[in-house]
Amino acid sequence: MENNHLQKSLKPIHLWAIAVGMVISGQYFGWNYGFEKGGTMGLIIAAIIITIFYTTFIFSYAELSTSIPHAGGPSAYARRAMGAYGGFMTGLACLLEFVFAPPAIAVATGAYINFLIPAIHPVYATVGVFVLFILINLIGVKGAALIELVATILALIGLAIYYAAGLPHIDAKVIFNESSFSHGWTGVMAAIPFAIWFFLAIEGGAMAAEEVRDPKKDIPKGFISGILTLVACTILTLLVTAGLGVGEGKPADYPLPQALANIYGEGSLLPITVAIIGLFGTIASLHGIIIGYSRQTFALARAGYLPRFLSKLSKRGVPHWGLIVPGSIGVICAGSANFANALITLSVFGAITMYCLSLISLFLLRKNEPRLDRPFKVMFPIIPAISLVLGLFSFYCVLRYSILTTNMPVFGIEVPLIFVILIVFGLGTIYYLAIGRKKLRPISEEFVTIEDVTDEKIS
């Protein structure tokens, strides 16, 4: 019988590193585009709203991921709660997030490398780093998680240096002035999609749930410690960067070194040090999200939603086709990307769609399966309700102020981003109706209990 179960080798520290590492590049770039949309205070208010949303969401998500510890993550929860098509749509939204976030991060990585070594063309650096980490992920999840742990710790050290160097020089007048809230509440809503970048992809740790040694205890530890780490980083990153005057002028792909350069000078050691360590932040996220999209692709293919060959495992227990096929799409996007903003917007839209569907799944499972084993229980219904309301508000903001106002170059033609999304979900629905639904594995085969996943003898 073909083995289609992932190997269990991860501890809470690995899950923390994957969850934080997937997100950590969001501290180094991307979110700062929100200054243009909302002004300094507008982005700060947007970040507060999004911090509350993600905190409540992660506690809700911890219940789902321990109840159904499955590599499919949100697609598995939605299938169980809303049926096969709901699972497919949620999985497709998750893939939209995890396939388009890596090229955006790779572009930022190339920009950091070019900032440090101008002789290296950013496109070559972008593609080279992306391909390298696809290859690294082929070594197996334990080795990949160790690399993720080291890169994440280095990225956090870089942030600590940034905070120590920047905090004494914060100018409150730069944050609080007559123009800092000039865009009003419309600016706050327009900044929401960029505030999401502070936390985007933390949920990807759930896709490693089948590879966690003791999901019942370890998943809540990994997730909750991860969200607390990121909340602290978000507050400090936003406060220091805004206080050093980076909210004014055209956003850079490397805002943290730019902020320190404003104080210490372009050629000084501190901006260069933070830029070097910033590379580890972008690498940690790129590497972590590669783990995430490969597991989501694997799980969708194993369930029958996608072609079955994408669920094949290598001798090292790695879903190699699930790594290579979506990765190739990402490399092409990264290599031709002069549209990082559009890539960020696509991944944010996929994420917020998936978040809302996951929260709806939680409410449905509470109603329809009250006896489902829930090793971790969120304060229901208060916490999930707060999360769902803020999630739907964020979905509106992303759609209204980003998706409907952004174009993406496709074969040299500027195409509205909403058309790209409609095409992706339209073609996905056609594939599901024509092929996917006929090849689905029975739900009884697809799902296992928490005890089964914890059992070392599972095969």
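## Isoleucine 48 and the nonpolar patch

Isoleucine 48 has its place in helix H3, and in this predicted model the residue counts as partly exposed, at 49% relative accessibility. Because the partly exposed class ends where relative accessible area passes 50%, the value of 49% places isoleucine 48 within that class and not among the exposed residues.

Together with Ile52, Met379, Ile382 and Ile386, Ile48 makes a nonpolar surface patch of about 470 Å². Two or more residues of this nonpolar patch are given by each of the elements H3 and helix H15 (382-401).

## Threonine 66 in helix H3

Helix H3, which spans residues 34-67, also holds threonine 66. This threonine is buried, its relative accessible area being 0%, and its side chain reaches the backbone oxygen of alanine 62 at a distance of 2.8 Å.

## Aromatic pairs

The structure holds 24 aromatic pairs. In one of them, the rings of tyrosine 305 and tyrosine 432 have centres 6.3 Å apart and planes at 35°, so the pair is classed as tilted. The pair links distant parts of the chain, since tyrosine 305 lies in the loop between helix H12 (269-303) and helix H13 (320-335), while tyrosine 432 belongs to helix H16 (residues 417-434), the two being 127 residues apart. Both tyrosine 305 and tyrosine 432 are buried.

A further pair is formed by phenylalanine 309 and tryptophan 321, whose ring centres are 5.9 Å apart and whose planes stand at 70°, so this pair is edge-to-face. It also links distant parts of the chain, with phenylalanine 309 in the loop between H12 and H13 and tryptophan 321 in helix H13, 12 residues apart. Phenylalanine 309 is partly exposed, with a relative accessible area of 38%, and tryptophan 321 is likewise partly exposed, with a relative accessible area of 36%.

## Aromatic cluster and a charge over a ring

One aromatic cluster is formed by eight named residues, listed here in sequence order: Phe53, Tyr54, Phe57, Tyr61, Tyr77, Phe199, Phe223 and Tyr355.

Elsewhere in the model, an aromatic ring is accompanied by a charged side chain: arginine 400 lies over the face of tyrosine 401, at 4.8 Å from the ring centre.

Terms used:
Residues numbered from 1 in each chain as written. Predicted model: local features only at pLDDT ≥ 70, side-chain atom pairs only at ≥ 80, totals over all residues. Heavy atoms only, no water. Phe/Tyr/Trp six-rings, centres within 6.5 Å; stacked < 30°, edge-to-face > 60°. Helix = DSSP H or I, 4+ residues; strand = E, 2+ residues; numbered from the N terminus. Buried < 20%, exposed > 50% of the residue type's maximum accessible area, 1.4 Å probe, protein only. Lys NZ or Arg CZ within 6 Å of the ring centre and 35° of its normal. Polar contact = N/O pair within 3.5 Å; in protein donor to acceptor, adjacent residues only side chain to side chain. Patch = residues over 30% accessible without salt bridge, like charges linked within 9 Å, V, L, I, M, F, W, Y side chains within 5 Å. Areas by Shrake-Rupley, 256 points an atom, 1.4 Å probe, with all protein chains shown as cover. Salt bridge = Lys/Arg side-chain N within 4 Å of Asp/Glu carboxyl O.
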